[in-house]
Amino acid sequence: MTKAYDGPLEGTIQTDFKQAMSYGDYLALDPILSSQRRLSDHHDEMLFIIIHQTSELWMKLILHEIDAATKAIANEELERSFKMLARVSKIQQQLIQSWSVLATLTPAEYLEFRDQLGSSSGFQSFQNRKIEFALGFKNAHMLKVYEHDAPLFAEMQQHLCAPSIYDVTIREMARRGLPIDAEALERDWSQDYVPNESVENAWVTVYRDVERYWDLYELGEKLLDIGSQQQMWRFNHMSTVERIIGNKPGTGGSSGVHYLRRVLDHRFFPELWSVRTKL
């Protein structure tokens with residue numbers, strides 16, 4: 001068995017950071033690692049806080065990548081968007097796996113600190129809502145929970161009214177000569193996307209002539225990956241909530257598992273699913 005190296009540091013390793021930026025400085029670790037403020041003395045509240053904080057950091061990166069990918073597609077740079085969208089799919093896998101860590105929290109353990117949460121709830125996550133808006137799932141009623149914060153409310157309204165990544169994809173399909181109904185191209189972006197037959201037919205054309213429309217075909221598959229992962233995240237969320245609190249109402253006043261189960265009926269990018277049947 002090889003003995004671990006326990007000698008002096010290599011001479012080239014920097015150890016003096018009085019005038020230089022360290023790893024902790026660059027990552028702002030002091031504020032990040034001091035942000036886990038438990039409201040109870042229960043051991044497992046730390047798990048609950050860190051799971052949700054790290055999820056929000058991953059969501060921030062998802063939004064960063066989706067925003068860049070949406071702009072790339074709008075600028076007719078489809079291939080440039082592929083790396084960003086592939087990265088989003090990998091990040092989603094991290095978020096999906098995080099539910100299995102939270103599921104180690106038992107109902108009895110959660111009850112020890114649940115009352116400390118007050119009315120706070122993951123339902124109020126503005127970043128998760130921005131992701132749904134960016135993927136085309138719009139619901140103006142959801143903004144009511146942000147009315148107490150005027151700057152955030154205004155920001156959320158902007159996201160609600162902006163075209164989704166699917167909207168700019170459909171525009172790109174039309175630009176490439178695929179016949180798309182005007183109602184799918186110039187619509188109220190604040191409204192939830194409604195399946196359109198001309199969009200479905202356009203995808204049928206793309207999938208039947210992959211060589212001609214390879215970049216649109218690849219974009220469709222990348223979007224479907226993301227839509228599928230988002231559904232898996234929702235399902236794992238629902239399953240974890242049911243495992244921990246059963247059918248109790250959520251801390252934010254929602255019906256809990258019943259609400260999460262209803263949301264599963266929604267699908268992102270509906271024509272990318274229905275085209276499978278048409279082919």
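Student: Hi! What percentage of the 279 residues in the protein is buried?
Tutor: Hi there! Buried residues account for 43% of the 279. Keep in mind that this is a predicted model.

Student: Got it. How many helices and strands are there?
Tutor: The protein has 13 helices and 0 strands. Reading from the N terminus, the elements go α-α-α-α-α-α-α-α-α-α-α-α-α.

Student: And what box do the C-alpha atoms fill?
Tutor: Along the principal axes, the C-alpha atoms take up a box of roughly 65 × 55 × 45 Å.

Student: What share of the contacts join residues at least 24 apart?
Tutor: If you take contacts between residues at least 6 apart in sequence, 70% of them join residues at least 24 apart.

Student: Let's go to helix 8. Is it mostly covered or mostly uncovered?
Tutor: Mostly covered: helix 8 spans residues 165-175, and 8 of its 11 residues are buried.

Student: Which ones are they?
Tutor: The buried residues in helix 8 are Ile165, Tyr166, Asp167, Val168, Thr169, Ile170, Glu172 and Met173. Asp167 and Glu172 are on that list, and both count as negative charges.

Student: What about just after helix 8, which residue has a positive phi there?
Tutor: That's Gly177, with a phi of about 95 degrees.

Student: Switching to methionines. Is Met21 buried or exposed?
Tutor: Met21 is exposed, because its relative accessible area is 58% and the cut-off for exposed is over 50%. Met21 sits in the segment before helix 1 (23-27).

Student: Which nonpolar patch does Met21 belong to?
Tutor: Met21 joins Tyr23, Tyr26 and Leu27 in a nonpolar patch on the surface. Together these residues have about 520 Å² of accessible area.

Student: And Met142, buried or exposed?
Tutor: Met142 counts as buried, because its relative accessibility is 11% and buried means under 20%. You'll find Met142 in the loop between helix 6 (126-134) and helix 7 (150-161).

Student: What does Met142 touch?
Tutor: Leaving out residues up to four places away in sequence, Met142 touches Phe123, Arg129 and Tyr259.

Student: How far is Met142 from Phe235, C-alpha to C-alpha?
Tutor: Their C-alpha atoms are separated by 20 Å, and the two residues are 93 apart along the chain.

Student: Last topic, the surface and charges. How much area does the protein expose?
Tutor: About 16200 Å², with carbon and sulfur atoms supplying 54% of that. As for charges, there are 30 positive and 39 negative ones, and their mean positions are 2 Å apart.

Notes:
Residues are numbered from 1 along each chain as its sequence is written. This is a predicted model: local features need pLDDT of at least 70, side-chain atom pairs count only at pLDDT 80 or more; totals for chains, interfaces and linings use all residues. Side-chain values use heavy atoms; hydrogens and water are left out. Helices (H or I, at least four residues) and strands (E, at least two) are DSSP runs, numbered from the N terminus. Buried means under 20% relative accessible area, exposed over 50%, partly exposed in between (1.4 Å probe, protein chains only). Contact means heavy atoms within 4.5 Å. Accessible areas come from the Shrake-Rupley method with a 1.4 Å probe; for residues, only the protein chains shown count as cover. The place of a charge is taken as NZ of Lys, CZ of Arg, CG of Asp or CD of Glu. Patches are made of residues with over 30% relative accessible area and no salt bridge: like charges are joined within 9 Å, nonpolar side chains (Val, Leu, Ile, Met, Phe, Trp, Tyr) within 5 Å. A salt bridge is a side-chain nitrogen of Lys or Arg within 4 Å of a carboxyl oxygen of Asp or Glu.
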